[in-house]
Amino acid sequence: MGPPPDLKLATGQDESDEDDYMKMTFDDPTTTSRSSTSKGESSLQRRLRLQREGEARARVKSKAELASEAEAARERALRTSLLEAANGKKSKGLAMMAKMGFKGGSLGKKAEDEGVEKRSEPIRIEIKDDRGGIGMENEKKRKMAEMAAQAAESAKKVKVDEMDYRDRVRREREVARLERQVHAAQKIAEKMDDEKALADGREPLKAGINSRPLKSVNVLWRGLVRAREEAERDRRMRKDLEASLSRLPTYEDIDEDEDDKRALGKEKKTVYEVAEDLDEEDTELDDFSALEPGEKLKRLIEHLRTAHHYCFWCKFTYPDDKMEGCPGFTEEDHD
Amino acid sequence: MADENSRASSKKRASAEGDSENNKRSKVENGDMADKYNPYLAHTYENNDMEGSSLLSGMKRRETTARQAERAEDGEYNPWTGQPHSQRYFGILKTRRDLPVHKQRAEFLEMYHNTQILVFVGETGSGKTTQIPQYVLYDELPHLNKKLIACTQPRRVAAMSVAQRVADELDVKLGEEVGYSIRFENKTTPRTLLKYMTDGQLLRESMHDHDMSRYSCIILDEAHERTLATDILMALLKQISERRKDLKIIIMSATLDAQKFQKYFNNAPLLAVPGRTHPVEIFYTPEAERDYVEAAVRTVLQIHATEPEGDILLFLTGEEEIEDACRRISLETDEMIRESDAGPMVVYPLYGTLPPQQQQRIFEKAPAPLRKGGRPGRKCIVSTNIAETSLTIDGIVYVVDPGFSKQKIYNPRSRVESLLVSPISKASAQQRAGRAGRTRPGKCFRLYTEKAFKKELIEQTYPEILRSNLSNTVLELKKLGVEDLVHFDLMDPPAPETMMRALEELNYLACLDDDGELTTLGGLASEFPLDPSLAVMLITSPEFYCSNEILSITSLLSVPQIWVRPNSSRKRADEMKRQFAHPDGDHLTLLNAYHAFKGAENRGEDVKKWCHEHFLSFRHLSSADNVRNQLLRIMESHGLELMSTPFNDKNYYVNIRRALVSGFFMQVAMRESTNSKVYKTIKDNQLVMIHPSTVLDNPYEWVLYNEFVLTSKQYVRTVTNIRPEWLLEIAPQYYNLEDFEKGEVKTALTRVAEKVQRRQAMKGGR
């Protein structure tokens, strides 16, 4: 016996055309190209190949495949210059042109063209298969390139070790948890404040949107109110926008008089005055928002304890300011 | 009265002079002169000249002044007919004098007298198309020398409508002093002095009159459109102007590019007339649009909601897109009226295949406000680029331009000629914007960015000659006596490959021999106003005993689709088409429908109603009938026999199919493999499907097609089943197996050839 079969294969094909029946590896019949089939193909391989080819021919191609094949054939035809094509040389058309004095290049008046550009190639065929506007194709290409560049950039950056990663995840989770708690505390504080105000006979703060200027709301939960009002404004604006077709709701139609406005229900402008309030700068709130979530929570809890004798951790309102039975100020105290 | 410029026969001039002084003598002279000059004009000029010239006396041909002409126009009697002018005439005359060109009449005449070739630039609305030919008429005085004035138009409709308008302006009957000539229709008489015609028609005429000797002045209008025929005519006229110094040539263009014309015509002088235009403000979008139709509809609605009075013109690319946009705009407008008290807006589509009476509707007035004092109404026209140059619609203030149009494109490498949606050129975009400033300052909304305008649009639209299959043109040029096609002095010579393909195709059709000389068949084919393949098919059809039928099919293929398929009743339309269906293909189905149409006509039925019931286009069938008569006359005049195989003969349809092969053997496709719907075109190897409009049920192996349609898919349309043996038999030069590349097609054809040989051998053996 000679060397092991795989070794024999590696040493070269020219050794013998004889098929080694002991061979443990199989030639992949698909890789045998048609040109090499005449020699070195076993009957088994041949049968397999024919079968595959037959199947390929009989298979009904998908629409996408057909489209891409048709396009490939078209592109192939459009790329090949007829003048250079293999049978172009014996073309009768070219022969006739040569008889008229064509020597390549372009057609038209002899010589003395003063730098006038003349066509030596046919106009390209570009097929548009969508309704993208002019410039859309290039825009797409540009965006793709940008995204690719960005991906490459970020791939470079993210090279942190495992510990860093765990640490970061833990920190992020903690922050998220605290933020949730801040939100819950804000809600409680707002509700309790309103109830207290009602009990004192004052008008509650929350009676309706914009019943009071935003700045009179306690900064501890002003962010909450503001976010809610903004959402409400957006909702109303969207609704108005839909109702008024493509016009912006702030659009003033000079042709409309007061009666028209009333008839069309355009009189009330209150909704958009909220927007002005919301657009105002609020440094107090900005400062508060900039705090760490832990600090925000601390202040809220403090407020709840002093103003309402409520412990955020016990979820209980104590009758007096001694707050008997509450284990302490922090979360750990309640563990 | 002798004319220094003209070197035409001086004898003729003498007689013309005589005419004006002494009618009696002229009668005699006119007779003999006409024999060598133009026999058709002879009898009409006698009395006409007397009255006419008396009113135009004192005017010297090519030496007249604007004052003289105006005096003649103001006269009580029409100098061309001798009849008194109608009241209407003076009304029109007044508006004519207000046109921008009128101010430059004297200047025009002076330049005209001093040059052989003149480039005239006038924007749309300057009045050049109607007025300049009349100014020339009053200067050329064609009744004196019996030579006509021709004015070419790129479009048939324009030639007809402008001729009508000018006939009205001159207070004459259309077809008499002013006439028109378009393919398959000639409305002129021997009295005609001024002739509007399509550029293609003048080209055809000159095949028999290489010097265009019937004309003393030729005006090429709308030259900026650079149609195929106009480009060829310019090249021919440039040559003829060397031989005929008496021939005057005016090139009229609406825009730009004037220097290019000047330079081409050896620095011919230029006269420019400002149009009546107002400034147009142009707006771009900040970003590229995702869907230009959607964006266009939105923009139109926004204009309607927020902009003051004024009509809107929106440019889109094709019938389907336009109808779709019209529907959407109408729906949205109705809602705007209901919900926000918008004014009314009527939406009109406009595209080439729309019936003329519907095209006319775009000229209707914008609707009145819904109630007194309500917001003003407006009209919105959604059009292909025919509204870009050829049609003038007043009242347009807003133009919406998505930047696309459908353009014909031909590539000799794949031999596909197709209409494709392509970006327009900068020149085109400017032209579109200009449409907004016709009546007052306007606005143009371009649905692309300014950057895209600058970077992505080409400067000028490619002239048609670069976008067309030239086999027909090459045949015409050969007939026109142009020997050296390679150095033929065209303004924009086509790519060499296009020329090569054209020569090859004509050689395969046996219209040119191997030396590139016109054959007898080629000469005959050029007599027909048809593509060479159709002409050859028609000429050879007697050999297949079916020239009557092939004549009908040729006519049907020369008009737009006769099948009507409205969106609302597609199914019914398809059922009706089935009634005419022939299992062997669409050509025979067309023939069946035509025969049924003629049958209904002969039975004395109401054909219009019959067509409507059968979902056939009466308009297109009648024009096919008209085309058939014209072609019939040409066939008869060349002694081509008309015959049919008896209908009961089993070869009736086979003969027709074989005759089709004789012209269309270069448009054949073979099925790629069994149970595949894909075909491969012969020699070009393009993968195509049969267009869904076909009546063919069976997937035949070999089909012949009339048309290659390229959209996002590739289709062949109007398809008939044929047998491969016929290809080898009828077109052996094209199906020479040695020329084929190795592949399935060659294998299949070889097998067919062997079979044929075997059969012949067996026959011979017996």
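Which backbone oxygen lies 2.6 Å from a polar atom of the side chain of B:Tyr264? The legend to Figure 1 gives the answer, and the other close-ups follow from there. Please keep in mind that this is a predicted model.

**Figure 1. A close-up of B:Tyr264, a residue of helix α12 of chain B.** Helix α12 covers residues 258-264, and B:Tyr264 is found there. The oxygen we asked about belongs to the backbone of B:Asp489, and 2.6 Å separates this oxygen from a polar atom of the B:Tyr264 side chain. Look around the tyrosine and, leaving out residues up to four places away in sequence, you will find that B:Tyr264 touches B:Met234, B:Ala235, B:Lys238, B:Asp489, B:Leu490 and B:Met491. Take B:Lys238 from that list: B:Lys238 and B:Tyr264 are 26 residues apart in sequence, while their C-alpha atoms are 8.8 Å apart in space. Why does B:Tyr264 count as buried? Because its relative accessibility is 9%, and a residue is called buried when this value is under 20%.

**Figure 2. A close-up of B:Arg671 in strand β17 of chain B.** The strand runs over residues 668-671, and B:Arg671 is part of this stretch. Which glutamate side chain does B:Arg671 join in a polar contact of 2.8 Å? The partner is B:Glu701. The backbone takes part in the picture too: the oxygen of B:Pro699 lies 3.4 Å from a polar side-chain atom of B:Arg671. Both partners appear in the wider list of contacts, which leaves aside neighbours within four places in sequence and consists of B:Ser676, B:Val678, B:Tyr679, B:Pro699, B:Tyr700 and B:Glu701. B:Arg671 has a relative accessible area of 8%, so this arginine is buried.

**Figure 3. The four domains of chain B.** Step back for a moment to place the two residues you have just met. Domain 1 spans residues 55-273, domain 2 spans 280-465, domain 3 spans 470-638 and domain 4 spans 665-765. How many Å lie between the C-alpha centres of domain 1 and domain 4 of chain B? These centres are 51 Å apart.

**Figure 4. The place where chain A and chain B touch.** Chain A brings 63 residues to this contact, and chain B brings 74. The size of an interface is often given as the accessible area lost when the parts come together. Here, the two chains bury about 6100 Å² between them, with 62% of that area on carbon and sulfur atoms. Three residues to look for are A:Met100, A:Arg131 and A:Ile134, which supply 14% of the area that chain A buries against chain B, more than any other three residues. There are 3 salt bridges between the chains. For an example, find the side chains of B:Arg413 and A:Glu121, which meet in a salt bridge at 3.1 Å, N to O. Polar contacts join 15 residue pairs across chains A and B, counting pairs with both residues at pLDDT 80 or more. On the chain A side, at least two residues come from each of α2 (43-58), α3 (63-79), α4 (92-99) and α5 (136-157). Helix α3 of chain A gives the most, with 8 residues. Sorted by class, the chain A side has 26 nonpolar, 14 polar and 23 charged residues.

**Figure 5. Two domains of chain A meeting each other.** Chain A has 11 helices and 2 strands, and along the sequence the helices are followed by the strands. Of its 335 residues, 27% count as buried. Each of its two domains is written in two pieces: domain 1 is 138-204 + 292-335, and domain 2 is 208-245 + 268-290. Where they meet, 11 residues of domain 1 are in contact with 9 residues of domain 2. Together these domains bury about 990 Å², 63% of it on carbon and sulfur atoms. On the domain 1 side, A:Gln186, A:Glu190 and A:Lys296 lose the most area, together 49% of what that side buries. Which arginine meets the side chain of A:Glu190 in a salt bridge? A:Arg228 does, at 2.9 Å, N to O. The count between the two domains is 1 salt bridge.

Definitions and conventions: Residues are numbered from 1 along each chain as its sequence is written. Chains are lettered from A and ligands numbered from 1 in the order in which they are written. This is a predicted model: local features need pLDDT of at least 70, side-chain atom pairs count only at pLDDT 80 or more; totals for chains, interfaces and linings use all residues. Side-chain values use heavy atoms; hydrogens and water are left out. Domain bounds come from an automatic or database domain assignment. Contact means heavy atoms within 4.5 Å. Buried area is the accessible area (1.4 Å probe) that two parts lose on being put together, summed over both. A salt bridge is a side-chain nitrogen of Lys or Arg within 4 Å of a carboxyl oxygen of Asp or Glu. Helices (H or I, at least four residues) and strands (E, at least two) are DSSP runs, numbered from the N terminus. Buried means under 20% relative accessible area, exposed over 50%, partly exposed in between (1.4 Å probe, protein chains only). A polar contact is a pair of N or O atoms within 3.5 Å; within protein, one must be able to donate a hydrogen and the other to accept it, and residues adjacent in sequence count only if both atoms are side-chain atoms. Ala, Val, Leu, Ile, Met, Phe, Trp, Tyr, Cys and Pro count as nonpolar, Asp, Glu, Lys and Arg as charged, and the others, Gly among them, as polar.
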